[in-house]
Structure formats: C-alpha cells, structure tokens
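These notebook entries record what I looked up in one protein structure. I began with the whole chain and then turned to individual residues.

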Amino acid sequence: MAIDWQKLSEQYQEDYLADLTTLVSIDSARDDSQATDEYPLGPGPAKALIAFLGLAERDGFKTKNLDNLVGYVEFGEGDDTLAILGHADVMPAGKGWHTDAFTLTEKDGNLYGRGTSDDKGPSLAAYYGLKMLKDQGILPKMTIRFIIGTDEESDWTGMNHYLDLEPAPTLGFSPDAEFPLINGEKGNVTFTTTFAGTNGNDVTLSEFDAGLRENMVPRDAEATVKVADGAKVVADFNDFLASAPVTGEASVAADGVHFHVVGKAAHGMEPKNGINAGTYLATFLNTLNFGGDAADFLSLLANELHDDSRAHKLGIAFTDQVMGDLTMNVGIQQFTADQSALINTNLRYPTGTGAADIQAGLEKATANMAVTIKQGREMVPHYVDPSDPIVATLMDVYRQQTGDMDAQPEVVGGGTYGRLMKRGVAFGALFPGTADTMHQADEFQPKADLLKAMAIYGQAIYELTK
C-alpha cells in the first residue's frame with residue numbers, strides 16, 4: 001500500500017495539538033505524599049493515564065487500565081505482540097520557566113511545556129501513528145499494544161505491574177529517546193550515601209538542599225550557614241560567583257547566611273549538558289571551617305564528586321568501545337542539622353564494569369567518614385544486535401522518511417522501557433540537531449519534528465506488522 005505518511009500526518013495536526021494541550025495541562029509528576037489506594041503514585045500520573053486512555057476510547061480502540069498504574073491500547077490480533085511503550089508521567093517542573101510549564105505554548109515553531117519532549121509529545125505522536133493505520137483501514141497481522149506507564153521517571157512500578165499481569169511482548173520500541181534509533185542502553189544504578197547530620201565547629205551547616213530527582217542535574221541549590229562574620233562570607237561568595245559558571249545570591253539573616261545558587265538542569269544521562277548548582281555551592285562552602293558530618297558532606301561533594309561526570313576522582317572511570325563512558329550524576333543533595341543528610345549518585349555504565357566496582361569507589365572515598373552507602377535499583381546494560389529485523393526495519397523507515405542514508409543506530413546512557421524486552425529498542429522522537437531539553441526548564445519540541453515523527457511512527461508500525 002502506497003501511503004504518503006508525511007502528508008497524512010499533516011492532516012492530524014489540529015487534533016494532535018488539541019490532545020497534547022490536554023495532556024500537558026496535567027501535572028503528572030509522581031508524588032508519593034499524595035498516594036492513595038485509588039492513586040498509588042499520586043493523582044497526577046493516574047489522571048494523565050486516564051486522559052491518554054480516554055483519547056483512545058474516543059477513537060474506537062480497545063483499552064484497559066491496570067489499577068491506575070499502567071494501561072494499554074490494543075489493535076489487531078495475532079500470536080505475536082508488538083509493544084509501543086510510552087509514559088504519561090513527567091519530571092517535576094522546577095524553577096526557571098519562561099512559560100507556564102503546564103500550558104502548551106507555541107512560540108517560533110516550538111511547543112513548550114512539561115512533557116512536550118519527554119514523553120507526552122513523542123508518545124502522542126506514536127499513538128497517532130497507530131491511529132493513522134486504524135483510520136486507513138489497515139489491519140495488522142499481529143497484536144499491537146500501545147502501553148502507557150506512569151512512573152518511568154522513577155522506579156517503573158507501572159510497567160513492572162504490566163509485566164506481572166500480562167504476557168511479555170514479542171518485540172517493540174519506546175518513543176522516549178532520540179532518532180535515528182537506540183539499540184543499546186547502558187546499565188543504570190543509584191547509590192545513596194547517608195550521614196547523621198552532625199556539626200563540629202562554630203561554623204555550622206543548618207541545611208543544604210539541591211536536586212529534585214536522581215536522574216536530573218540540579219538547577220537550584222540553597223543552604224543556610226551559621227557563622228560569626230556573615231558579611232565577610234557574603235563578600236567571599238560574591239567573589240566566588242564572579243569566576244564560576246553559576247549565578248546566585250547570599251544574604252545575612254537572623255538565623256544565619258542564606259545562599260542560593262542557580263546552575264542548569266539537564267537529563268542525568270549526560271551530566272556535562274548541565275551545571276550542578278549543588279556541587280558548585282558545596283565547593284564554596286567547603287572553604288569554611290565546618291566539622292563533623294557537615295565537613296564530610298561538603299568535602300565529598302566538593303572534592304570527590306564536583307565537575308567529574310566520568311568519576312575519575314572516585315577511581316571508577318570506565319569506557320567500552322561500543323557503549324562508551326561510564327557517567328555519574330550527583331542528583332539529590334540534602335543536609336538537615338542533627339537529623340540526616342544524603343548524597344544521591346546516579347551512574348550509567350557500559351558493559352565491563354558494574355555496581356560492585358562503583359560501590360568500591362564510593363567506599364574508598366568515604367573510608368574516613370561515618371556514612372552508610374546503599375545501592376538502589378539496578379538495570380544492567382541492554383543491547384540489540386543491529387542485524388535484528390526490528391533494528392533493520394526501523395532504520396530503513398527512518399532513512400526513507402528523512403533521506404539520511406548515513407544514519408546508524410546508537411548506544412546511549414538513558415534508560416527507556418525498550419530495555420524491558422529482549423528485542424526492544426528506543427526510537428525517537430528527538431531528531432539530530434534539535435536541542436535536548438528533557439528534564440530542563442523551558443522543555444520544548446519543534447512542532448514540525450513531532451509531525452515528522454508521527455509519519456515515521458505510522459510507517460514503522462505498518463512495516464513491522466504487515
């Protein structure tokens with residue numbers, strides 16, 4: 001069947017934008033503080049899932065909601081199942097937006113709003129790719145399930161719930177990364193280093209707070225310090241800012257000196273794309289005469305973790321020829337005097353190293369500190385051979401639709417639902433050359449790119465299931 005997929009996708013532009021407006025308007029960041037039996041991850045993720053499934057029901061698809069944790073849209077039938085795995089949750093909006101994070105805003109051809117790039121915009125484009133097949137009367141020769149998770153940005157409770165209840169798909173892709181295609185994903189593990197929160201000298205750290213999620217470079221960092229000569233510390237801080245790639249301010253108050261540093265948020269898979277406000281603040285505070293856990297907390301941040309995305313200082317730097325470098329993001333950094341403190345490090349690692357080597361590096365760096373190091377959930381490296389038909393077919397579609405005949409599959413540090421399947425890959429929707437604003441303020445995706453992605457997804461689903 002000869003179909004002009006790009007021309008067809010343009011006919012859906014108005015409807016697509018209306019539906020994306022609805023989805024973006026829902027603040028669907030996971031919030032365990034509001035969890036209930038009805039909304040196990042908080043109301044936002046569930047409401048976004050229900051809205052997504054509602055679009056499919058409107059369009060005549062069969063849908064199923066599994067406990068407000070995950071849901072799916074089904075089309076076609078057959079013994080084999082093609083899964084398209086997207087997610088309706090988003091990262092917290094954070095600070096620094098120039099538009100309302102939950103109002104879809106078009107400016108200079110770009111669509112701004114939380115989720116436009118990760119992953120509401122791409123997931124909806126893939127859904128419309130499926131809808132195009134249905135509207136054209138094309139019946140796939142296998143079962144297609146468009147599966148919508150609700151906590152991809154945390155611990156994948158929803159998608160794991162799906163795999164507990166439903167048969168595993170035969171093959172599939174996740175529209176939650178970049179084009180041309182991701183056939184390999186590094187391992188992913190997080191370690192949390194905790195302290196008791198003591199102080200030991202006249203200079204005391206009352207509180208320190210940076211970071212929203214482990215897989216997000218902190219844009220903002222704040223701290224309160226009690227010190228005898230607050231005015232001098234403020235002056236020294238201003239001198240520090242003059243030569244640092246961050247902005248900020250400090251002021252003397254009744255309870256101490258208040259600091260605020262602003263860096264640049266970025267996806268934790270490549271920390272070099274961001275500027276970590278927390279570790280920069282720690283490098284300044286580390287020049288003061290702290291004691292106890294406060295001194296160790298700041299020293300670890302400033303001396304072992306700051307500005308070292310490849311973890312050379314920890315002695316765990318590693319590179320694989322296929323998968324590239326180990327990377328480290330220093331995500332959540334918190335200190336509350338006399339209560340607790342923690343540093344959260346998220347690492348993406350290639351084949352050849354792993355959690356044991358990483359923990360050994362952290363233990364060596366903190367050998368003289370009173371800390372506890374705990375490993376979180378780990379996902380091992382994932383790789384699909386380029387000769388697999390799913391890789392070959394999707395690459396062929398991408399080349400046809402873009403004319404980029406030199407495009408090749410890639411390996412990245414990001415973790416997508418594609419890795420849940422042995423024959424699973426990530427496929428779009430960020431095009432080469434387009435700015436990656438995932439997890440950042442002013443997140444956006446070009447409207448033309450999302451319509452082009454819709455055409456690619458339509459043809460891809462057709463080719464994989466014909």
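The entries below go from overall form to charged pairs, and then to backbone details.

**Entry 1. Overall form**

I noted at the outset that this is a predicted model. I looked up the secondary structure of the protein chain and found 11 helices and 26 strands. I then took the extent of the C-alpha trace, which spans about 75 × 45 × 45 Å along its principal axes.

I checked the radius of gyration against the value for a compact globule. For 466 residues such a globule would have a radius near 23 Å, and the protein chain has 23 Å, so the two agree.

**Entry 2. Burial, contacts and surface**

I looked up how much of the chain is buried: 60% of the 466 residues are. I next considered the contacts with a separation of 6 or more, of which 77% are between residues 24 or more positions apart.

The accessible surface of the protein chain is about 18000 Å², and carbon and sulfur atoms hold 46% of that area. For charge, I counted 34 positive and 67 negative charges, with their mean positions 4 Å apart.

**Entry 3. Salt bridges**

How many salt bridges does the structure hold? I found 21. I followed three pairs and one network.

The first pair is aspartate 155 with arginine 30, whose side chains meet at 2.7 Å, N to O. Aspartate 155 is in the loop between strand E6 (143-149) and helix H5 (157-165), and arginine 30 is in the loop between helix H2 (13-24) and helix H3 (43-58), so this salt bridge ties together parts that are 125 residues apart in sequence. I recorded aspartate 155 as partly exposed, because its relative accessibility is 33%.

The second pair is glutamate 106 with lysine 447, which form a salt bridge at 2.9 Å, N to O. The pair links distant parts of the chain, with glutamate 106 in strand E4 (residues 105-107) and lysine 447 in helix H11 (residues 447-465), 341 residues apart. Is each partner buried or exposed? Glutamate 106 has 44% relative accessibility and therefore counts as partly exposed. Lysine 447 is buried, its relative accessible area being 18%, which is under the 20% cut-off.

The third pair is glutamate 166 with arginine 145, also a salt bridge, at 2.9 Å, N to O. Glutamate 166 is in the loop between H5 and strand E7 (171-174), while arginine 145 is in strand E6, 21 residues apart. I found glutamate 166 buried at 14% relative accessibility, and arginine 145 buried with a relative accessible area of 11%.

I also noted a network of salt bridges that links Asp19, Arg58, Asp59, Lys131 and Asp135.

**Entry 4. The loop between H8 and E17**

Three residues of this loop were looked up in turn. I started with aspartate 308, located between helix H8 (292-305) and strand E17 (319-320). Which side chain of opposite charge is nearest to aspartate 308? I found lysine 313, 5.2 Å away. That distance explains why aspartate 308, although buried, has no salt bridge, because a salt bridge requires a nitrogen within 4 Å of a carboxyl oxygen. Leaving aside residues up to four places away in sequence, aspartate 308 touches Lys313, Leu314 and Met328.

Aspartate 307 lies in the loop between H8 and E17. I recorded a positive phi near 50° for aspartate 307, a residue other than glycine. With 64% relative accessibility, aspartate 307 counts as exposed.

Alanine 311 is placed in the loop between H8 and E17 as well. Its phi is positive, at about 60°, although alanine 311 is not a glycine. I found alanine 311 buried, at 0% relative accessibility.

**Entry 5. Cis peptide bonds**

I looked up two cis peptide bonds. One joins phenylalanine 179 and proline 180, with omega about 10°. Proline 180 is in the loop between strand E8 (177-178) and strand E9 (182-185).

The other runs from glycine 428 to alanine 429 and has omega near 15°. I located alanine 429 in strand E25 (residues 429-430).

Conventions
Residues numbered from 1 in each chain as written. Predicted model: local features only at pLDDT ≥ 70, side-chain atom pairs only at ≥ 80, totals over all residues. Heavy atoms only, no water. Helix = DSSP H or I, 4+ residues; strand = E, 2+ residues; numbered from the N terminus. Rg over C-alpha atoms; globule rule 2.2 N^0.38 Å. Buried < 20%, exposed > 50% of the residue type's maximum accessible area, 1.4 Å probe, protein only. Contact = heavy atoms within 4.5 Å. Areas by Shrake-Rupley, 256 points an atom, 1.4 Å probe, with all protein chains shown as cover. Lys, Arg positive; Asp, Glu negative; His and termini not counted. Charge placed at Lys NZ, Arg CZ, Asp CG, Glu CD.
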